[in-house]
Amino acid sequence: MPSNRRQLLATVGALSAGLAGCLSESPTGSGSESPTPTDETNTSTADTTDESTTGDGPPDTTTAENASFSLPESSVKSLGEVRVAVANPTVGKAITYESIMGSDGVLQSDGTQFVVAAVQSQQGNAVDAGGDPAYDAFELVVDGEAYSTVEIEDRTTGAYTSSLAEHGDIRYGAPYAAGGAVGWLAFEPPSPLDASEAAIRCRYGGETAEWELSDDVVATLGRPAPTFELESFDATVEQYSVDLSFVVKNGSENDGRFLAALYWPTTGIADDDESTIIERSVAAGERVE
């Protein structure tokens, strides 16, 4: 834990880089909340005990052949001997992620946005089954333009990303993923991106399946991201905790969701960096404190 205010401000300097504007994610977010001009938030952080698994539990025996679908049956399509489910596609101008052996955080990039979906697959019982579709067998198709899946591990902290935009338990098709696990797919098309229709497509074994994105998701692709400005920042360091306060203004004409990751590194354990995710709805021209 930093011992003085100067060191603290240096270690949480990632706040300015973590400022992110995001329209309410589709399809679950409507962006209809109307916050008061100042939404007060007090954030305190404290030392925590590192938790780890002991490996004493029973071995994982789940396989793609005997796993049942966790995703809705309505999202399942067949490609030869393989059944694939793609569900809950969402658009975020900025998104959160969770890491194994590391800090959670926020991903955002100027001029792009994220489309994330949950995916699950099962192989058939054929002796010559060719395995599950690979991560790069999927693509986002927007008005005929195709966008490939993107890798994000070089942009996150920790051993690997578990959940992305609250989707899945691990990246779909990762070598360390259990068979039949619900994973996530990520695409990063331009933002804003005007579109009349969009779908996630999978090509596998000479066959093709598509999952259409809802009208709300398609509309979100075409909306500009809000922009946020850091107006003030202060910190009070105690012996075992730190209180942070800051004011951020939505300087755009769009209502949106403010996301930021407050980081502070630790030196004793390499994978024990800490973070706090701040998330608030902020109307256009308003501030969050």
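**Two antiparallel sheets and the loop residue T156**

In this predicted model, three strands make up an open sheet in the order β7-β6-β11, and their pairing is antiparallel. The edge positions are taken by β7 (105-108) and β11, each of which pairs on one side only. On average, and with direction ignored, neighbouring strands of this sheet are turned by 45 degrees against each other.

Within this sheet, strand β6 (residues 94-100) is joined to β11 by three bridges, the two strands running antiparallel. The register of this pairing can be followed through individual residues: I100 has Y160 of β11 as its bridge partner, while Y97 has L164 of β11 as its bridge partner. Although β11 is an edge strand that pairs on one side only, four of its five residues are buried, so the strand is largely enclosed by the rest of the structure.

A further open sheet is formed by four strands in the order β10-β9-β14-β15, again with antiparallel pairing. Its edge strands are β10 and β15 (207-212), and each of these pairs on one side only. From one strand to the next, the twist in this sheet averages 30 degrees. Strand β9 (residues 138-142) is connected to strand β14 (residues 198-204) by five bridges, with the two strands running antiparallel, and in this pairing L140 of β9 stands opposite I200 in β14.

The connection between β10 and β11 was examined through one of its residues, T156, which is located in the loop between β10 (145-148) and β11 (160-164). This loop thus links an edge strand of the four-stranded sheet to an edge strand of the three-stranded sheet. Despite its position in a loop, T156 counts as buried, because its relative accessibility is 12% and the cut-off for a buried residue is under 20%. The side chain of T156 reaches the backbone oxygen of E153 at a distance of 3.3 Å. When neighbours within four places in sequence are left aside, T156 is in contact with Y97, L107 and T161. These three residues can be placed in the three-stranded sheet by the strand ranges: Y97 falls in β6 (residues 94-100), L107 in β7 (105-108) and T161 in β11 (160-164). Of these contact residues, Y97 is also the one described above as the bridge partner of L164 in β11, and the buried loop residue T156 is therefore in contact with a residue of the β6 pairing with β11.

Definitions and conventions
Residues numbered from 1 in each chain as written. Predicted model: local features only at pLDDT ≥ 70, side-chain atom pairs only at ≥ 80, totals over all residues. Heavy atoms only, no water. Buried < 20%, exposed > 50% of the residue type's maximum accessible area, 1.4 Å probe, protein only. Polar contact = N/O pair within 3.5 Å; in protein donor to acceptor, adjacent residues only side chain to side chain. Contact = heavy atoms within 4.5 Å. Pairing = 2+ DSSP bridges. Axes fitted to C-alpha atoms, helices over the stretch in contact; angles between N-to-C directions.
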